[in-house]
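Thank you all for making time this morning. I would like to walk you slowly through one structure, beginning with a sheet and then turning to the empty spaces inside.

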Amino acid sequence: MRRRRFVGLGSGLALTAAGSGLVTAPAARALGGTARTAGTAADTAASVSVTPSDPRYPDLISGNNLRWTASPDQVVLPRTTAQVVAAVQDAVTRGKRLSVCGGGHCFEDFVFNADVKININMSLMNAVSFDTAMNAFKIEDGATLLDVYEALYEGWGVTIPAGICHTVGVGGHILGGGYGNLSRQYGLTVDHLHAVEVVVVDAAGKARSVVAARDSSDAALRDLFWAHTGGGGGSFGIVTAYWFRTPGASGDPAGLLPKAPSKIFLTLANWPWEKVTKEGFSALVDYWGAWFERNNTAGTTAGSLYSWLMLNHRDSGSLGAVVQLDASLPDAASVLSGFLAGLDQALGLHSATVRRDGVTDSQYTTTRLMPWLRGTRYIGAISPTQLDPTTRGCHKSAHLRKRTPQRQIDAMYTHLTSQDQPSPLTGIVLSASGGRIASVSSTATAVAQRDAIMKVNFESRWYTPADDAKNVGWVRTAFASVYGDTGGVPVPNDVTDGCYINYPDGDLSDPAFNKSSVPWHDLYWKQNYPRLQQVKRAWDPRDVFRHKQSVRLP
């Protein structure tokens with residue numbers, strides 16, 4: 001794991017481009033937190049420039065999906081906002097197409113493609129600190145999720161409700177809305193975002209940095225902030241830093257963001273495919289969706305329970321689930337036990353149970369009570385492929401506002417039990433939504449799908465280019481079949497509600513795959529797209545920041 005940079009101990013009082021003071025170690029201790037640092041050298045050292053002759057180059061021209069590679073003239077790794085401004089200005093002046101890389105987890109070729117001549121890699125800007133002037137936590141764009149979790153929790157006992165994969169970069173994750181195991185309890189990541197620092201380019205071609213906050217006095221800056229609460233990456237500029245503070249929070253830093261649970265119940269379930277009938281599969285998917293449809297009230301224990309249901313292809317050997325619940329919530333053990341028992345019963349699988357920390361385990365489910373940070377580290381590493389940087393992949397997404405209809409369940413079963421032998425790392429993942437997420441209006445942030453109860457991710461991962469066609473074909477065919485009633489895509493209606501921009505899908509803008517009357521941008525952003533276009537016109541009038549599904553100029 002790469003080393004994180006914590007601003008604080010021994011660094012004195014540093015200044016950001018916005019002139020904000022960063023907390024020193026004595027101040028952090030006085031505020032009840034801790035601070036660590038790698039020194040101040042990063043604040044004064046030059047940016048790194050890597051060209052094709054550099055031995056580092058092969059590691060920097062692709063992300064975690066090896067289907068997508070680039071051959072840029074230069075990869076720039078800045079250490080400061082000023083260096084990002086300089087890199088962008090250089091690209092604009094020389095007429096070079098640029099892209100930006102955070103954690104490298106983009107599912108599409110938006111970052112790495114043949115058109116890119118300058119790639120700006122943000123990985124050296126990874127500090128996490130408390131900014132006293134902004135009275136908010138500052139997270140640089142190149143930090144990864146584990147960087148953030150460890151720094152916020154170890155320093156102040158707080159967290160943000162973000163994703164489970166440790167190596168995902170905050171840069172792209174936050175811009176798409178951001179969600180994870182604490183989101184039904186605390187909302188989306190962007191629901192706690194206070195401000196962003198963005199490098200933009202004006203109509204004259206001049207690059208500069210601006211700070212846009214939720215409460216900016218200037219309306220144009222407030223619009224720019226809003227666009228970064230779910231508008232996706234690569235459309236408006238390059239974010240160099242995020243500031244987090246929950247709306248309405250004030251006072252001590254330890255009270256400015258959600259408290260991380262002291263302990264969590266973490267359940268892993270595994271059901272052998274050989275014991276799963278078609279009827280059992282159908283009942284499982286229906287029960288899971290119906291449970292979240294019923295238990296969707298923010299602030300309740302059931303409304304805080306989070307689950308992933310892994311409908312793996314039969315060739316993988318098993319179906320699975322992950323369930324997390326804050327153990328301190330009222331009746332947490334009984335709520336969890338009831339939910340887990342329903343999963344087994346839906347499948348028609350019954351076995352002896354044992355009591356552990358008040359939770360009923362079965363032959364197929366194992367629950368552990370553990371400290372939150374340990375559980376967070378654990379859940380991010382239990383899948384050997386999740387952090388594997390050598391895979392190729394294909395992904396498609398959907399939001400559902402209600403439980404999965406029977407026709408869609410039947411189509412899922414057909415493709416998950418197919419004999420065409422896709423990669424064993426192929427399947428359909430259901431992830432819970434709702435709860436606190438639904439307490440925010442669909443226009444308050446750029447995230448439009450606020451009343452969805454689940455996300456659906458069709459995916460395949462494999463290792464060799466020779467298997468591309470087979471696995472991409474499986475994902476495309478399964479997706480088109482499940483949403484065949486609406487033109488092969490999950491159009492917004494009373495059941496389905498479009499797609500998730502952080503699981504981008506280039507096929508959505510291809511009429512060969514999207515046969516509906518709903519354009520790709522409305523599948524992502526629905527009624528929020530025209531406002532995003534106005535922000536685009538105001539802040540990126542030259543369309544410097546673009547890719548195949550970036551927000552278009554109006």
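**A sheet and its cavities**

Strand S3, which covers residues 74-77, and strand S5, which covers residues 118-121, run parallel to each other and are joined over 3 bridges. Please keep in mind throughout that this is a predicted model. Within that pair, Val75 stands opposite Asn119 in S5. Packed on the sheet is helix H3, residues 81-94, which touches S3, S4 and S5, and whose direction makes about 170° with that of S5.

If we now take in the whole sheet, we find an open arrangement of 4 strands in the order S2-S3-S5-S4, with mixed pairing. Strand S2 (48-50) and strand S4 (98-101) stand at the edges with a single partner strand each, so one side of each is left without a neighbour in the sheet. From one strand to the next, the twist averages 20°.

Let me move on to the cavities. The structure holds 3 of them at 30 Å³ or more, and the largest has a volume of about 120 Å³. That largest cavity is lined by 19 residues, with Gly176, His399, Val447, Gln449 and Tyr500 lying nearest its centre, and its lining divides into 11 nonpolar, 7 polar and 1 charged.

The second largest cavity has a volume of about 100 Å³, and the residues that line it include Tyr149, Asn181, Gln324 and Trp372. Helix H10 (residues 372-379) gives the largest share of that lining, 3 residues, and the lining of this second largest cavity comprises 8 nonpolar, 4 polar and no charged residues.

Conventions
Residues are numbered from 1 along each chain as its sequence is written. This is a predicted model: local features need pLDDT of at least 70, side-chain atom pairs count only at pLDDT 80 or more; totals for chains, interfaces and linings use all residues. Side-chain values use heavy atoms; hydrogens and water are left out. On a 1 Å grid over the protein atoms alone, a cavity is a set of points where a 1.4 Å probe fits but cannot get out, and a pocket is an open set with protein on both sides within 12 Å along at least five of seven lines; lining residues have an atom within 4 Å of a point. Grid points are joined across faces, edges and corners, and a volume is the space filled by probe spheres set on the points. Ala, Val, Leu, Ile, Met, Phe, Trp, Tyr, Cys and Pro count as nonpolar, Asp, Glu, Lys and Arg as charged, and the others, Gly among them, as polar. Helices (H or I, at least four residues) and strands (E, at least two) are DSSP runs, numbered from the N terminus. Two strands pair if DSSP finds at least two bridges between them. Axes are lines fitted to C-alpha atoms, for helices over the stretch in contact, and angles run from 0 to 180 degrees between N-to-C directions. Contact means heavy atoms within 4.5 Å.
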